[in-house]
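Biologist: I'd like a close look at a single part of this protein, please. Could you take me through the largest nonpolar core and then come back out to the surface?

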Amino acid sequence: MYSCQVAKTRNRSDEPDGDKPRLSKRTVTENALKLADADGLDALTIRKLAQNLGVTPMALYWHFRSKEDLLEGVAEQVWGEIDVNVDPDAPWWTQLQGLLESLVTVLRAHSAAAQLLLEHEKRNEAALRATEVTLDVLRRAGFDSQHASAIARSTLWTGITLVMSEPGYHPELPPEEREEMQRRSQVELAMLPAGKYPRLIECAVPMTTCDEPDFHYRFGIGLFIDGVKAAALRLSGEATTDTRSG
């Protein structure tokens with residue numbers, strides 16, 4: 001009996017839950033992301049994820065030492081979904097726009113992703129790769145390292161901000177509660193004193209609802225890219241002036 005007990009314990013060390021094959025790290029992070037999208041990032045716990053996967057919590061600790069460690073893995077999962085394959089023959093601003101559009105697409109696909117990237121900025125391979133590609137696009141466009149770095153950071157923050165600034169953005173609430181919150185916000189603006197806030201009343205609907213989400217994102221991405229292109233022209237003009245002065 002004693003020998004059998006020892007043999008059984010050794011098998012369990014290879015398979016942490018004792019009953020099922022060890023889960024892959026990707027399977028764990030994919031399911032964690034689904035749970036976070038469904039119930040909110042704050043509701044994601046090791047115990048709840050283990051129950052969803054049909055294993056014991058100890059089986060997950062095989063890959064992740066804590067919830068914080070798990071969230072870092074989920075953040076890497078999100079970064080890995082961003083398409084960083086740019087066309088080197090396309091104009092640099094088209095390449096940059098493609099990267100930003102892919103980031104926004106991923107963030108929109110996962111309701112928890114914007115908060116996740118906002119709160120978990122530790123470097124991982126997927127994030128490093130996306131940043132490297134972005135910096136390379138900008139350096140080849142002629143930006144120096146300081147301006148390229150500033151634009152790369154702004155690209156990430158623009159994507160996050162666009163998602164989190166979409167009117168009615170409250171991923172933690174059920175759809176019906178979000179709609180009610182939007183309705184109340186719209187009524188509050190519409191009921192403001194007309195003599196004092198005529199423009200807020202006029203814009204009550206577009207300020208509080210997003211009937212055309214694609215417009216919100218197209219406009220925001222276009223505004224950012226136009227700003228970067230304008231910066232490139234300004235910097236090239238300053239460089240020309242400095243050369244002539246010298």
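Modeller: Here is a walk from the whole fold into the core and back out again. Keep in mind that this is a predicted model. The overall fold is easy to sum up: the protein has 13 helices and zero strands, so read along the sequence you simply get one α after another. Of its 246 residues, 35% count as buried. Take the contacts between residues at least 6 apart in sequence: 67% of them join residues at least 24 apart.

Now for the core itself. The largest nonpolar core holds 57 residues, and Leu49, Leu70, Leu117 and Phe143 touch the most other members. Helix α6, residues 92-109, gives the largest share of this core, with eight residues. In general, nonpolar side chains in soluble globular proteins tend to be buried together.

Let's zoom in on Phe143. Leaving out residues up to four places away in sequence, Phe143 touches Trp92, Leu138, Ala148, Ile151, Val228, Ala232 and Leu235.

Back out on the surface, not every nonpolar side chain is tucked away: Leu118, Trp157 and Met164 form a nonpolar patch there, with about 240 Å² of accessible area together. Leu118 sits in helix α7, residues 113-119. Its relative accessible area is 30%, and because buried means under 20% and exposed means over 50%, Leu118 counts as partly exposed. As for the protein as a whole, about 15,300 Å² is exposed, and carbon and sulfur atoms supply 53% of that.

Key: Residues numbered from 1 in each chain as written. Predicted model: local features only at pLDDT ≥ 70, side-chain atom pairs only at ≥ 80, totals over all residues. Heavy atoms only, no water. Helix = DSSP H or I, 4+ residues; strand = E, 2+ residues; numbered from the N terminus. Buried < 20%, exposed > 50% of the residue type's maximum accessible area, 1.4 Å probe, protein only. Contact = heavy atoms within 4.5 Å. Areas by Shrake-Rupley, 256 points an atom, 1.4 Å probe, with all protein chains shown as cover. Core = buried A, V, L, I, M, F, W, Y, C linked by side-chain atoms within 4.5 Å. Patch = residues over 30% accessible without salt bridge, like charges linked within 9 Å, V, L, I, M, F, W, Y side chains within 5 Å. Salt bridge = Lys/Arg side-chain N within 4 Å of Asp/Glu carboxyl O.
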